[in-house]
Amino acid sequence: MKYLKSQMQQLIKDNKELHARFKEMKAEHGLEKNNALKALYHSEVADGGKYQLAYQELDHPKK
């Protein structure tokens with residue numbers, strides 16, 4: 001699985017809990033948007049994270 005900024009942005013947009021975590025991470029650690037997206041990906045999505053399946057589903061758009 002590979003990090004894609006556009007997929008991460010879509011995932012955050014679609015999930016209120018993840019969006020709140022994103023804002024919290026930016027404020028708490030003083031991160032810029034892109035760095036916060038990557039940090040959130042590695043902490044909540046990659047390697048069996050809570051949102052991994054939802055992220056992977058964005059690879060296969062519904063027809």
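This is a short talk about the salt bridges, one helix and one buried residue in a predicted model.

Hi everyone, and thanks for coming. Please keep in mind that we are looking at a predicted model today. Let's start with charged side chains. How many salt bridges does a search of the whole structure find? The search turns up three.

Take Glu-17 first. Which residue does Glu-17 form a salt bridge with? The partner is Lys-50, and the closest N and O atoms of the two are 2.5 Å apart. This pair links distant parts of the chain, since the two residues are 33 apart. Glu-17 belongs to helix 2, which covers residues 16-29, while Lys-50 is in the loop between helix 3 (33-45) and helix 4 (52-57). Are these two buried or exposed? Glu-17 is partly exposed, with a relative accessible area of 48%. Lys-50 has 60% relative accessibility, and because exposed means over 50%, Lys-50 counts as exposed.

Now let's turn to Arg-21. The side chain of Arg-21 meets that of Glu-24 in a salt bridge, at 3.0 Å from N to O. Both residues sit in helix 2, three residues apart, which is about one turn of the helix. Each of them is partly exposed: Glu-24 has a relative accessible area of 43%, and Arg-21 has 26%.

Arg-21 has another salt bridge, this time with Glu-44, at 3.6 Å from N to O. Arg-21 is in helix 2 and Glu-44 is in helix 3, so this pair ties together parts that lie 23 residues apart in sequence. Is Glu-44 buried or exposed? Its relative accessible area is 19%, and buried means under 20%, so Glu-44 is buried. Put these together, and Arg-21, Glu-24 and Glu-44 are linked in a network of salt bridges.

Helix 2 keeps coming up, so let's walk along it. At its start, a side-chain oxygen of Asn-15 reaches to within 3.0 Å of the backbone nitrogen of Glu-17. That is the Glu-17 we met with Lys-50. Helix 2 has 14 residues, and from first C-alpha to last it reaches 20 Å, close to the 20 Å expected at 1.5 Å a residue. After the helix comes Gly-30, which has a positive phi, near 65°.

Next, try turning your view to look down the axis. Which residues of helix 2 are buried? They are Leu-18, Phe-22 and Met-25. Why do they line one face of the helix? Seen down the axis, the buried residues fall within an arc of 65°, so one face holds them. They pack against helix 1 (5-14) and helix 3. On the face turned away from that buried side, you will find the exposed residues Lys-16, Lys-23, Ala-27 and Glu-28.

One more stop before we finish: Gln-7, which has its place in helix 1. At 10% relative accessibility, Gln-7 counts as buried. What does Gln-7 touch, leaving out residues up to four places away in sequence? The answer is Tyr-55, Leu-58 and Asp-59. With Asp-59 there is also a polar contact, which joins the two side chains at 3.2 Å.

So here is what to take home. Arg-21 is part of a salt-bridge network with Glu-24 and Glu-44, and the buried residues of helix 2 pack against helix 1 and helix 3. Thanks for listening!

Note on methods. Residues are numbered from 1 along each chain as its sequence is written. This is a predicted model: local features need pLDDT of at least 70, side-chain atom pairs count only at pLDDT 80 or more; totals for chains, interfaces and linings use all residues. Side-chain values use heavy atoms; hydrogens and water are left out. A salt bridge is a side-chain nitrogen of Lys or Arg within 4 Å of a carboxyl oxygen of Asp or Glu. Helices (H or I, at least four residues) and strands (E, at least two) are DSSP runs, numbered from the N terminus. Buried means under 20% relative accessible area, exposed over 50%, partly exposed in between (1.4 Å probe, protein chains only). The expected span of a helix is 1.5 Å times one less than its number of residues. The arc is that of the directions from the helix axis to the C-beta atoms. Contact means heavy atoms within 4.5 Å. A polar contact is a pair of N or O atoms within 3.5 Å; within protein, one must be able to donate a hydrogen and the other to accept it, and residues adjacent in sequence count only if both atoms are side-chain atoms.
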